Each structure stands twice: as structure tokens, then as C-alpha cells.
Amino acid sequence: MTEEEKFIPNDTIDLRGVLCPINFVKTKLKLEMLETGQLLEVILDDGEPMRSVPRSIKEEGHKIIKVENLDNSYRILIKKA
Amino acid sequence: MTEKTAKQKIDLNELKSGGFIKQTQKDLFTVRLKVPGGRITPDKMIKIAEVAKKYSRLGYCHLSFRQSVEIIGVHIDDFDTVVKELATVGQKVASCGPRVRVPTACGGCEYNPNGIMDTQSKALEVDEKFFGTPCHHKFKMGFSGCPIDCTRTRESDLGFQGVVYPVWTEDLCNGCTLCAKACLEGAIVSDKEGKPIFDKSKCVYCGDCIKACPTDAWKEKKKGWLVRVGGKHGRHPREADEVLDYLPDEKVNDFVSATIEWYNKNGKTKERIGSSIDRVGLDKFKKEVVAAFTKT
């Protein structure tokens, strides 16, 4: 597996414009549909969503393996625990 | 307490502890109940409700500003029965007057994601040890689990607030910048590679960086209590002085003990500790009480 392939998500969810805590709940539901070790790509707004969602994901035991800065939003890659 | 009644003998010791407060109505009192840290079992709530239904002659309770349940309108003749009935579930009467009051605390670190220190256990422990200690005036203590300070330790005679000191390990950092996002204080900014630049002077020790970090590059170095003394509300509010930025958990009782001792020695009748500090100087308090706790 190349470096690039390591970061190919199995599923993706765009949560721009979705408020806390709905964005976290949606992320959680999406993660439940994946297998352990699979990757979920989440697009989050800057501000409160970026402050809260990654932290809650960590509390649930999943791993954030990549964070990318887009325009006024972020793309994070979560590895399901 | 000068009220007299022929019908029933009043247990003076119960009254002295202070939880019976004279009302405007003849022979009616507010019975203030002890709820350390505001945490109460359903069994106690049910019993309090039963007792209040039977003995409140006005038919209601009041939740005090410092987390006590108060039964309003209890007749002086019913004191003994009320105390006995409440005692069947271990519910005790609180205090008023010039003494150490029931400590307040925030909800609890067991379920609040912001919690750093266990305020509930500490409030119980301190209550057990110091409740009712006579002082020059009221002496209120509060415990907040994190820097959000829901218990308002800045207006407590003696307040303890949870703090966590973060430490960063470069090798574990992948430059994700989540810590800088998480920090509300601007104490962390990311450099070009996404690595954090930490400004200690802006940090309030909330631990948000530690909670946000996905690689455990930010970890807890130590956690404990920040200590504030001399706060009060009332007619002339005074914001507490921050006297210690770190006190280990196991030193809290010693600090409370030393502070009360100092207050009783240096204070005057009807004077809160904040006023004593204003009169004799904060430096004197720091030298005589705080200094012994600064070596950590």
C-alpha cells in the first residue's frame, strides 16, 4: 500500500452547515456502519464543530489520522476503532 | 434562639448547629438541609418531599443558592420529629451563622467531559472534616472541576478549581493543528508545519489541548487545584485572590485547616476572611498560610 492509498476513505460525510451536536451524532452513525480499521472522511466547519467533534470522536475511542485545511472548513480522516 | 414552647422540648444542640432559620411568621422556621456539592440520592429526595408535605405549613420547599434544599414554614413544635424523620435516610440539617458552611461543588467529573478534578468526593471529604467549625463569620467553600468554574470559586471564602498542566512531546505530534483549534485562549498557535507554539502566560490549564490531541502528543503533566481566597457576595462583593496555582489533591484538607486557623487568629467578629485579608494584607496570608504549600 502506498502512502496515498493509506488515506483513501471507505466512506465520506459532508457536515458543512450542520450544527453541534447533530454533526457528531451523524458522524457516529456513519462510523457504526463501517468495520474496525476502515476510514471515514468528514468535512467540518471551522469554529465550534472543529473544536467539539474531533474531541468527541477521540472520547469514543476512534483515531483521527489526518486533518486538512480547506476554505473555512476542514477535512478529517477517522479510523474506526 | 429565644422561642419557647411548653408543648415540646427543643433539642438545643440541633438549633446551635444552625440550620433553623427564623421566618417572618410567628413560630415558623426554614429548615435548611445539608446537600454537600448539590448531589442527592432519590431516596433522600423522596423522604424530604414526604417530610415537607407533612410539616411545611406553607406547603413548599426552596432550593437555596448554595445547593441546599430548604423546607419552608416548619413549626417550632415539629423540629424534633422533622429531624428524626429525615435521619431515617441519613439526611442532616445544614447550618447558618458564623461557621463553616456546607461546601458547594459542580456536577462531577464522572460524567462531565470538562471535569479535571473530582469535586464531589472532595466536597464530601471537606464537609465531613470541617462542617460547623466556628468562625468569625460565615465561611463558604466551593469546588469547581475545571476553569469554567461553575461553582464560582471567585466568590467563595475559600475556593478550589481543577487545573491540568499540559506537556507536549514533539515525536508524537503529526502537526494536525487540532490543539490550536481546541484552545480558546490563544495559548496555542500552529507553526508552518502545524506544530504547536505554546504561550504559557495565556494558558488557563483547562486541558482542552490534551482532550483534542489525536496522537497523545499533548499529555497531562500534573493535575490539581488552583486556590482562591477571600471572595464573597452580598452587599459588598469582593473577588477572591488567587493565592496558589497548583495544590495537590491530598493537600486540600491541610490547606483548609491552615486557612481557618489563620482566619480565626487574624479575623474579627462579623468579618469575612476577605475583609480580614484587606485589613491585614494579602502578603501576611501568603506568608503565614500559602508559603508552606508552594513547594511542590
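**Reading contacts and domains in a two-chain model**

User: How many residues does each chain give to the contact between chain A and chain B?

Analyst: Two residues are in contact if their C-beta atoms, placed from the backbone, lie within 7 Å. Here, chain A gives 9 residues and chain B gives 9 residues. This is a predicted model, in which local features need pLDDT of at least 70, side-chain atom pairs count only at pLDDT 80 or more, and totals for chains, interfaces and linings use all residues. Residues are numbered from 1 along each chain as its sequence is written, while chains are lettered from A and ligands numbered from 1 in the order in which they are written.

User: Which element gives the most to the side of chain A that touches chain B?

Analyst: Helices (H or I, at least four residues) and strands (E, at least two) are DSSP runs, numbered from the N terminus. On that side of chain A, H3(A) gives the most, with 6 residues.

User: How is chain B divided into domains?

Analyst: Domain bounds come from an automatic or database domain assignment. In chain B, domain 1 covers 12-87 and domain 2 covers 104-165 + 217-293. Their C-alpha centres lie 27 Å apart. Domain 1 of chain B brings 7 residues to the contact, and domain 2 of chain B brings 10.

User: What percentage of the residues of chain B count as buried?

Analyst: A residue is buried if 20 or more other C-beta atoms lie within 10 Å of its own, exposed if 12 or fewer, and partly exposed in between, with C-beta atoms placed from the backbone. Of the 296 residues of chain B, 42% are buried.
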